[in-house]
Amino acid sequence: MDLNLTSEEMQFRGELRSWLTANVPADWAERREDSLESRFEYLRAWQRKLYEGGWAGVSWPKQYGGRGANLMQQVIFWQEMALATAPPMANTLGLGLIGPTIIAFGTESQKTRYLAKILSAEEIWCQGFSEPNAGSDLASLQTEARLDGNFYVVNGQKTWNSYGWIADWCELVVRTDPNLPKHKGLTVLLVDMRSPGISVRPLRQITGESEFAEVSFRDVRVPVENVVGSVNQGWDVAIGTLMHERGTFGAGLQITFRRNMERLIELAGQLRRNGKSAAEDPLIRQKLAQCYAEIEVMRWNQMRAFSRISATGVPGPEGSIQKIFWSELNQRLQQVAQELLGPFGQLAGSSEHSVDKGTWAYGYLRSRGNTIEAGTSEIQRNIIGHFVLGLPRSY
Amino acid sequence: MQFGLNESQKILKENARQFFAGECPMTHVRQLAESKQPYDPSLWSKMAAQGYTGIIFPEKYDGLGLGTVELILLMEEAGRALLPGPFWSTVALAGAVIDAIASDAQKTRYLARICRGEARSTLALLEATASWDLADAKLVATNGRLTGEKLFVLDADVADFVVVATQSGVFLVEAQAPGLSITPMPALDLTRNFHAVQFHNTPAEKLGDEANLVHALDVATAALVAEMVGGMQRVLDLTVDYAKMRKQFGKPIGTFQAVQHQCADMYLETESSRSAAYYAAWALAHDAPDAATATSIAKMYASDACRAVGNHAIQVHGGNGFAWENDLHLYYRRAKASETMLGDATFHRERIARLVIDCVPSAAGSNDRSSR
């Protein structure tokens, strides 16, 4: 056990840190009230800069334009991005999920066609997984693709597509054989979002903004060469994608939580409770200490999980607890922030009295999605029950 | 960075697991508990022969000279086996304190006996105020003699000498010393016993300054957390096995999500406690700047987790979990005793607040275990 960074890891961090210091734009936080489109163009330019600096797709193999970083370097990448308060990248799904899926399952011509433009943010990607009647039970999805010569003809409805409103391409899961058992008849297609028959409607969410979209497909023609992996083997491809969702990205999240925590401690020193500083109030202290502690435990859980993967190549059992841990922790943290801020916690950024431009009001609502997106807490607990503890399947 | 065990650590842990499985099976634990024997002297000799009683102490005192991480791994396995008796109080508590503050001559006299398995010991800290803050201690030391009462002293009845914390230093009292009386305090835990220890003008040898207790108490705390983790792991294993075997409505109850999700929560709490125990051990071993904070986080998290894990375990076991014959209650009892020992979650949250909100300097010099 050695929890210090190796000299190689230190060197990687040093190089990245100096690049970020020179290049991270300072005004992202001020763009909160800008239109979605203008915010998105800002992020696209930022990713382009990372790409030109050689920092887009750090985990991707060098032969596909990535940096070929090992797992610990990826962890350091996300930590340093968070420490530098760098904006997110425009093509989050392309870089984190879809690119790696194409690298793992795609043909050589697919790799040549798509990967470089994912890195440069020239083409933005979304995922077409969830449907109105297929959420946690993803394999029950109904969007169908019928073979017609050299094309699949797609009909159906997808929902909760992140970036669906701006995406150029979509990694779409469709049913190609309705007669097979539900996990067996699925196929993954790469679909041009400008194809005739696609219509996109922004999906307004609890926070009032539209991160997601609903996408409907009516007789959309997709060339057969756009199949990823084998026909009717799409479940394996889709699951491969979802596994990437539980990757090293969480290391950056931990830093963000920690920064939120530090800000709450600072705010506690400015607010008053029962005739004294809120930072001296016993109950507030208990709650802040609890959150602080859990954010540290999150870090230690991650360190163990990452060490296991980098030593053995496979995720250890502790990996499966990460999603539940961070999502439920963030909800508790946001509630503690509300309790600490009292009436100020509700204020929007447009109020001159708002605290931190309304991030706490926003964060309170946004955190409700954390235990739903990327696998609900219930699904995560099923995974632990069945795959880790070996309990019988409940369905 | 590598947060995994190295080969020798893995071997130590595996050997300890096999040792306790062979030498301290549950039938033996039960037999000791029900016959009210505080510990098994022959098991103690075997543990000493393994080097366990001297695991973290220097070789010049016949110890193994290993580090806090190795101690934590051993304690985890002891906790899994629910090892009864004075191992934690002798090695992780009294031994760690003697090692931290006593003179070379005193270590040769006392610590070496612990290492060789010839002596058992404990630390007397708490008084009637139930405060873990030494500033609240009233026991008086005058001219090398102690007068007063300490409560909740673990394993005092089998201690060859008792280490006593007072506001004017840390002392050592031999079991045969005049004016020393020891009275049992029967409590929940049937496998480790509390005692009231009274001192009436009892001769005592000063070991050192109380200011240096903090680090040793943190080592003891981390070791206790590791023991709790071992217990949680065993309780989780028992519960998962039961959920696979027990059938209702024609299928194993582990099929039902209401049961599965309780097991998943037990797993999350056990693994997270383990991460925290290991990190705290590493931080203590390397004098990391966050060692004190990490120790308190580990104890805070595990104190709440071990109670929750026990609650889930009994619930999943249904009526069987409530039965005396089932081993769960023995773990559940130990869990409650460990939860409060050296400060419960509330105590440690306040200590964390002092360290990270008030930014009180940690272990160096001051007794930051204060709850004020």
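Begin in this predicted model by selecting residues 161-166 and 169-174 of chain B, which are strands S4 and S5; the two run antiparallel and are joined by six bridges. The connection between S4(B) and S5(B) is a hairpin that passes through two residues. To fix the register on screen, label Val163(B) and then Leu172(B), since the latter is the bridge partner of the former in S5(B).

Keep Leu172(B) selected and look to its other partner. Leu172(B) also stands opposite Glu205(B), which belongs to S8(B). Strand S8 of chain B covers residues 205-208, and its antiparallel pairing with S5(B) extends over three bridges. When you turn on side chains here, bear in mind that in a regular strand the side chains alternate between the two faces of the sheet.

Next, select residues 140-142 and 145-154 of chain B, the strands S2 and S3, which are antiparallel and share three bridges. Val140(B) has Thr147(B) as its bridge partner in S3(B). The hairpin of these strands has two residues between them, and one feature to inspect there is Asn143(B), with its positive phi near 45 degrees. Asn143(B) is a residue other than glycine, and its place is in the loop between S2 and S3 of chain B. Is Asn143(B) buried or exposed? Asn143(B) counts as exposed because only 6 other C-beta atoms lie within 10 Å, where the cut-off for exposed is 12 or fewer.

From S3(B), extend the selection to residues 194-203 of chain B, which form strand S7; S3(B) and S7(B) run antiparallel, with seven bridges joining them. A useful pair to label in this part is Val153(B) and His195(B), the latter lying in S7(B) opposite the former.

Now colour chain B by its domain assignment, which gives domain 1 as 7-115, domain 2 as 121-210 and domain 3 as 212-356. The C-alpha centres of domains 1 and 2 of chain B are 21 Å apart, and 20 residues of domain 1 are in contact with 19 residues of domain 2. On the domain 1 side of this contact, select helix H2 (26-34), helix H5 (87-101) and helix H6 (104-115) of chain B, each of which supplies at least two residues. H5(B) gives the most to that side, with eight residues. Colouring the domain 1 side by residue class shows 15 nonpolar and five polar residues, and no charged ones.

Move on to residues 291-317 of chain B, helix H9, which has 27 residues and reaches 38 Å from its first C-alpha to its last, close to the 39 Å expected at 1.5 Å a residue. How many of the residues of H9(B) are buried? The helix is mostly covered, with 22 of the 27 in that class. Gly318(B) follows H9(B) and has a positive phi, near 55 degrees.

For the contact between the chains, display both together: 40 residues of chain A are in contact with 38 residues of chain B. On the chain A side, helix H7 (250-268), helix H8 (282-312), helix H9 (322-341) and helix H11 (377-388) each supply at least two residues. Which of these elements gives the largest share of the chain A side? That share, 16 residues, comes from H8(A). By class, the residues of chain A that touch chain B divide into 23 nonpolar, nine polar and eight charged.

While chain A is displayed, go to residues 212-223, strand S7 of that chain, in which Asp219(A) lies. Asp219(A) is another place to check the backbone, for its phi is positive, near 50 degrees, in a residue other than glycine. Asp219(A) is classed as exposed because 12 other C-beta atoms lie within 10 Å, and exposed means 12 or fewer.

Finally, colour by confidence. The model scores ipTM 0.95 and pTM 0.95, and chain B averages a pLDDT of 95, with 97% of its residues scoring at least 70. Residues 363-372 of chain B have pLDDT below 50, although beyond near neighbours in sequence this stretch has 31 contacts in the model. Where pLDDT is low, the predicted coordinates should not be read in detail.

Definitions and conventions: Residues are numbered from 1 along each chain as its sequence is written. Chains are lettered from A and ligands numbered from 1 in the order in which they are written. This is a predicted model: local features need pLDDT of at least 70, side-chain atom pairs count only at pLDDT 80 or more; totals for chains, interfaces and linings use all residues. Helices (H or I, at least four residues) and strands (E, at least two) are DSSP runs, numbered from the N terminus. The expected span of a helix is 1.5 Å times one less than its number of residues. A residue is buried if 20 or more other C-beta atoms lie within 10 Å of its own, exposed if 12 or fewer, and partly exposed in between; C-beta atoms are placed from the backbone. Two residues are in contact if their C-beta atoms, placed from the backbone, lie within 7 Å. Ala, Val, Leu, Ile, Met, Phe, Trp, Tyr, Cys and Pro count as nonpolar, Asp, Glu, Lys and Arg as charged, and the others, Gly among them, as polar. Domain bounds come from an automatic or database domain assignment. Two strands pair if DSSP finds at least two bridges between them. pLDDT is the predictor's confidence in each residue, from 0 to 100.
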